[in-house]
Amino acid sequence: MILERCLGSMLLALSMLSNVLGAFVGVNIGTDVSSMPPASDVVAIVKAHQITHIRLYDADPHMLKALAGSGIEVTVGVTNEEVLGIGESASAAAAWINKNVAAYMPSTNITAIAVGSEVLTSVPHAAPVLVTAMNNLHKALVAADLNFQVKVSTPQSMDIIPKPFPPSTSTFNSSWNSTIYQLLQFLKNTNSYYMLNAYPYYGYTNGNGIFPIDYALFKPLPSVKQIVDPNTLFHYNSMFDAMVDATYYSMDALNFSVIPIDVTETGWPWQGGSNEPDATVENAETFINKLIQRVSNNSGPPSQPTIPINTYIYELFNEDKRPGPISEKNWGLLFTNGTAVFPLSLGGPSQITGNSTAVFCVAKDDASEDKLRDGINWACGQGQANCSAIQSGQPCYLPNNIKNHASYAYNDYYQKMHTVGGTCDFDGTATTTTIDPSYGSCIFTGSSNSSTGRESLPPTALGPISPGGSTKLPLYKIQFLISATCLLVVLL
């Protein structure tokens, strides 16, 4: 009886803590990559960048095994091809849960199942059994006693909302009303959440110039160009918020309220063809960094300001094997060697990695690997830089690439020697910057964090951040603490 009460209290506490902890920013991991690293390397890269939540588009056994013990919260995917079979057979659903979820828990921290991807618009012939498939999976979770840990939902695109602006008059496409009503009833009954794929990039590029690009990029608009819902007089500072609110209003039109929304996909391509002028590195960097800041302030859209918007960025790596225009292949945050396509920063101003007084010496992006290797050898040898931190198993070893290691070695030499004539050149492969390159437990010499002992967060860290900028205890650690407390109560 004591244990049952304790477990009940644990579940209640976790549900309350989800809002207290605030919103998180996770990342999607696609698989249409020609040079996909081994699963163990992918997980190492995810951990090095302090990404706390990931979404898989399938239930890849190599990834699920590699994620064991990491604490990373994982959303696994039922592929569109699997939806029909699971919707038609409860035994198929049970087999799927046993094989792809129960077999890896609790070592792998699976917290959600995404059933299909935009099923209503991409595979409409499966729509009649979509909610049945979700019910079958949920019942299988109940049978495995995993229904409290793992939620079931299904990502849908904005295309099922024909007129998303103004948000207050938005409704779902009426041809899908029956299915969507069943879907929302399921989410309500199981205390799950609505999964939304929301892309301001497409909202802007397909919008025929109705909205300015700054609105899609989270940039401030002049007072004469403010975006206002004429019915509610709510001001929308970003298309992202308007898309989320349009979905809340669409649910409300079917008499469902306060089913929280998680944005399971959003992003901006950083390269496109000649007819895709808005797919640029500059725009992608602006969108992603401002998105992280927006989500990290832990507020919702104007109509639901107290419901934070958990969000997954699309995506970790470029999926160069995807068909379609050039932009379709260039959404990745990172190259497959773990380096970032562009600088990334966490939400609040205090978390943006930069220091107006400190100067760091780092490797140039276009430097040749041979010259960088020579530079590392000189800095760590004759230059007497302390290069122990970039050795295997040490804080700055990952991401394991020449540019990252060169930056650390160059900077250590420069910080020690620039006052007596040492330069930041290294045969033209180095440059100075005021952006602190420190990340995670890898603290570069000269960083303000190295004197305080406070662990800095990486430019690419994507964990939950409070409005004040302090890190929060990950949910899986809180689960462990509560479980440990329960065990102590039982033993006593």
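Here a visitor and a guide talk over a predicted model.

Visitor: What should I keep in mind about this model?
Guide: Residues are numbered from 1 along each chain as its sequence is written, and side-chain values use heavy atoms, with hydrogens and water left out. As the model is predicted, local features need pLDDT of at least 70, side-chain atom pairs count only at pLDDT 80 or more, and totals for chains, interfaces and linings use all residues.

Visitor: Why is Asn-310 called buried?
Guide: Buried means under 20% relative accessible area, exposed over 50%, and partly exposed in between, using a 1.4 Å probe and protein chains only. Asn-310 has 16%, so it is buried.

Visitor: Where is the place of Asn-310?
Guide: It is in the loop between α12 (281–296) and β11 (311–313); helices (H or I, at least four residues) and strands (E, at least two) are DSSP runs, numbered from the N terminus.

Visitor: What makes Phe-24 a polar partner of Asn-310?
Guide: A polar contact is a pair of N or O atoms within 3.5 Å; within protein, one must be able to donate a hydrogen and the other to accept it, and residues adjacent in sequence count only if both atoms are side-chain atoms. The backbone nitrogen of Phe-24 lies 3.1 Å from a polar atom of the Asn-310 side chain.

Visitor: Which residues is Asn-310 in contact with, leaving aside neighbours within four places in sequence?
Guide: Among them are Gly-22, Ala-23 and Ile-261, where contact means heavy atoms within 4.5 Å.

Visitor: How confident is the predictor over residues 1–20?
Guide: There pLDDT, its confidence in each residue from 0 to 100, stays under 50. The chain averages 85.
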